[in-house]
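User: Could you take a close look at one part of this protein for me? I would like to know where the annotated binding site sits and what surrounds it.

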Number of protein chains: 2
Amino acid sequence: MLSDIEIAQSVTPEHISKIAERAGVPQEYLEMYGNYKAKVDYNLLNDHPHEPGKLILVTAINPTPAGEGKTTTTVGLADGLRKIGKNVVAALREPSLGPVFGIKGGAAGGGYAQVIPMEDINLHFTGDFHAIGAANNLLAAMIDNHIQQGNALGFDVRKITWKRCVDMNDRQLRNIVCGLGGKAHGVPREDGFDITVASEIMAIFCLATSISDLKERLARIVVGYTRDDQPITAGQLHAQGAMCALLKDALKPNLVQTLEGTPAFVHGGPFANIAHGCNSIMATRMAMALGDYCVTEAGFGADLGAEKFLDIKCRLAGLKPDAVVVVATVRALKNHGGVPKAKVTEENLEALEAGLPNLLQHVDNITNVYKLPCVVAINRFPHDTDAELELVERKCRELGVDAVRSEVAARGGEGGMALAEEVVRLCEQGDAEGRSASTFEFCYPDDASLAEKIEAIATRVYHADGVDFTPNAKKQLAQLEDLGFGGMPVCMAKTQYSFSDDPKLLGAPRGFRITVRNVKVSAGAGFVVALTGDIMTMPGLGKDPAAVHIDVDETGKITGLF
Amino acid sequence: MLSDIEIAQSVTPEHISKIAERAGVPQEYLEMYGNYKAKVDYNLLNDHPHEPGKLILVTAINPTPAGEGKTTTTVGLADGLRKIGKNVVAALREPSLGPVFGIKGGAAGGGYAQVIPMEDINLHFTGDFHAIGAANNLLAAMIDNHIQQGNALGFDVRKITWKRCVDMNDRQLRNIVCGLGGKAHGVPREDGFDITVASEIMAIFCLATSISDLKERLARIVVGYTRDDQPITAGQLHAQGAMCALLKDALKPNLVQTLEGTPAFVHGGPFANIAHGCNSIMATRMAMALGDYCVTEAGFGADLGAEKFLDIKCRLAGLKPDAVVVVATVRALKNHGGVPKAKVTEENLEALEAGLPNLLQHVDNITNVYKLPCVVAINRFPHDTDAELELVERKCRELGVDAVRSEVAARGGEGGMALAEEVVRLCEQGDAEGRSASTFEFCYPDDASLAEKIEAIATRVYHADGVDFTPNAKKQLAQLEDLGFGGMPVCMAKTQYSFSDDPKLLGAPRGFRITVRNVKVSAGAGFVVALTGDIMTMPGLGKDPAAVHIDVDETGKITGLF
């Protein structure tokens, strides 16, 4: 069995100008980064307006250690659509650099359903994340310099909310004291670093629709508070122009290709807990402008990823999906049903049935909360038995949804043709079944209070009995509504492993409540983050980090990246 | 009078493939980064061996607040050589991102002698510095993770020498305590950040001659010491493969153009105090392979920049310069003669004569210590008087060296033709005057002790009476020689403003001694750094940082970068 990197390196990619031609990008909008990557000038959207294509969201059950294959399915579905003759462009998230050196492998799909060049995509790619890190850290330097030079804006140094970032798994930087060494070297205070993808700039970047929108969002970032709790913004520091200059090229979507030559934009990748977890609006819009079908994905399970895609990204960008694919694996469903990872390859219909409610509840949310057409993609593994597959299919059919076997990791686009056919059927016949882009509803209205929005998500999507706000969270909610942030959508920061806020409650738990401990505003991104527990925004390396096994030879060929 | 960025933006650049053609780079070795930047595959050097062209080093008097224009002269000389019909390729340093937002403007030349696209070159360019920062910080994360996971190598956490870095002027990070927050979050210890250009990886990157040489150098980096003072290397952490994977594309020289379309490699930019301060060996070799003339520059004044170019870079790379240009301005020489910056525009022959020894001593060092042909470039300003210019010319002639008026900032290559003619004469007639590449001598031999090497530089180049080593420095010297680092060249970390270690001693001081306070090894780079005082490796922002004035409009056009 070949590794992902071996499969990726075995394919001779087409020159990116050919892929651009296939996608319908005129050459003058193309900025090459080597022969296999290019940025596409966003002016294309204004200069050559297109009728937008169908938008297909790929989401998944709650993740388990057994793996689901959401990105793989997204890539394979795009290839499958192309195989059945459709004009398709994928829109995917950019992977973060740091975790590549930790325990996780790359994040560009797997097997025969990958985007390439996978090494580049997993390493520096076109430098977008470096630009985001630089903009983030410029703002941080400007904050502390402002304080050093007299603190005219009156920062309370105990209430600076803007952290520095680095795109590396570096637990040592989670909690630091900086500004030591005497008065020439800053003002001592507590601080900490996040990984770059957790920066609000990442979320802003993914929601921005133009340079001027980006700049306005950057200016609105709340970086800290005064002693009497008045917010101080990046705009008050006059930082937005220079930050925007650092981000101007990054804002252009990156065009690459799948192993089968399908055009794919890979652009932006915010956290799916403290942020909204999907690729840039720029990339989605461009993929929809160029393709008759745009296949895109959201982070984590559908309770976090799809909810935010629909309630935040679609709301802010005015998008309406035409179909939703929920990815599941038989092995992961058995895990939800109580089988440990080591035993998920053995047939176990009882455990599968016990785990299936996780899938079914996500499906039900898509069809009944969001009123969208839905299909389940069963990402097949060799050890799945017919009885298991049939059980999943039967249970889904009971909800009026087809479950389609997908074999894209093993067979590429050919293994995704059946899924593609069902997706096309949903897109074209949506209205006939009473659900389509035109019936799409949000989980909550704009004008609900922040607490009501959180309660709507908790009860309607998570199926919790209700929400408990800590006294601190109540105070913060009141403060944010006072400051005028009450009209924003809510971004839930919750464990990805469960519908609940307890990572151990698998399946489709009932009889639980959600506890909101902290609420903060990402004013530039335009949402209020509700935290249900400690969310790790800086990962660490493990006992045997992947970095130790990565190498490169004299020809520049990388090994050990997986 | 147009600003540098206005001049740069007023020129329509040629497509980089045209520039590559002019330089003789076959298209298949070119990796485009947009239309005006490209990386050139270093395999070109092996696949198409060329007879190396003449190597011309541009250096300068000790810098003053009045400015010298070294990069401007380097660019203008290249354009001048092209104007007189020569096949020329420039090799320049990449500017650091952080200082762009501080007080200094860009670092891509000035006026009509610039490399473009200047905004890109001054911002992210092709991402080399981001790659260096990532490799630096991966190593840092691996060190602290190793300690967190049990510290099998026995790091003394008080003796970790490897610092994290960020490419930002951020004084707040100079001195920190990291690893706080409890046992899941690292081991508390003192630490600090350098600006990225100060990372040893930058120096390594600039001295590496291939992927495998790069990897070997990375493995040799000393990152800390055990309790009993045994060095621990990056190789012992198995970090070199992953670091090298991060750097593999960065190692390819970046091709751009001057405003007049002359090919220029802009690649690598290490500090000129704690490191050797010149562009990559890769870029210099490639420029020499492609051009009949390669014009390159060194950092700061000739006492630091040229000394290191000659004693470190030329020694390690086996290079021999054919001519040296020493850049001076009348205004800066008056500053050396005691005139404050505000008055340097007034004619003052007395002050000029008092300041001239600074220039003359640099010239004398080049011709009599290094035995190289030399020309002085007087970077002309409108307020320079004929009497002043003639005084400089006469004094130089007394040393047997021509001083040539250069007007490249105002007139581009045309203003550099006279200088170009003299450079060509020196290169072609070198031997006739008893000095040429073949007479080139180092300041000290490889087999001198570290202390002897430092003394040779101090007495022969700085003209100090001698060197005092603090007890600490003596102990460190003995330790480094014990560890087998005695055969390395020495990299002096000294103020750039004076021949001495006192920044206030301008001109050509006499009767002083140099004090060496600390000595440390950059084992990967391959030199021993001798520190004569506190060298700032992390700048800060000022009261009115440049960042506040930088902006970008909807078309992506940047303003305020100067």
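Analyst: Happy to help! A residue counts as buried when its relative accessible area is under 20%. Please keep in mind that this is a predicted model.

Let's begin with the annotation. An unreviewed UniProt entry gives a "binding site" that covers T64(A), P65(A), A66(A), G67(A), E68(A), G69(A), K70(A) and T71(A). Two of these residues, A66(A) and K70(A), are worth following one after the other.

A66(A) lies in the loop that runs between strand 3 (54-60) and helix 4 (70-83) of chain A. Its relative accessible area is 7%, and because buried means under 20%, A66(A) is buried. What does A66(A) contact, leaving aside neighbours within four places in sequence? The partners are R331(A), A332(A), K341(A) and V344(A).

K70(A) takes us from the loop into the helix, for this residue belongs to helix 4 of chain A. K70(A) has a relative accessibility of 12%, so by the under 20% cut-off it is buried as well. Not counting residues up to four places away in sequence, K70(A) touches several parts of chain A. Among its contacts are V58(A), T59(A) and A60(A), positions that fall within strand 3 (54-60). K70(A) also touches R93(A), then E297(A), A298(A), G299(A) and F300(A), and finally V327(A).

Put together, the annotated stretch includes a buried loop residue, A66(A), and a buried helix residue, K70(A).

Note on methods
Residues numbered from 1 in each chain as written. Chains lettered and ligands numbered in written order. Predicted model: local features only at pLDDT ≥ 70, side-chain atom pairs only at ≥ 80, totals over all residues. Heavy atoms only, no water. UniProt positions renumbered as here; feature names shortened; annotations may be inferred. Helix = DSSP H or I, 4+ residues; strand = E, 2+ residues; numbered from the N terminus. Buried < 20%, exposed > 50% of the residue type's maximum accessible area, 1.4 Å probe, protein only. Contact = heavy atoms within 4.5 Å.
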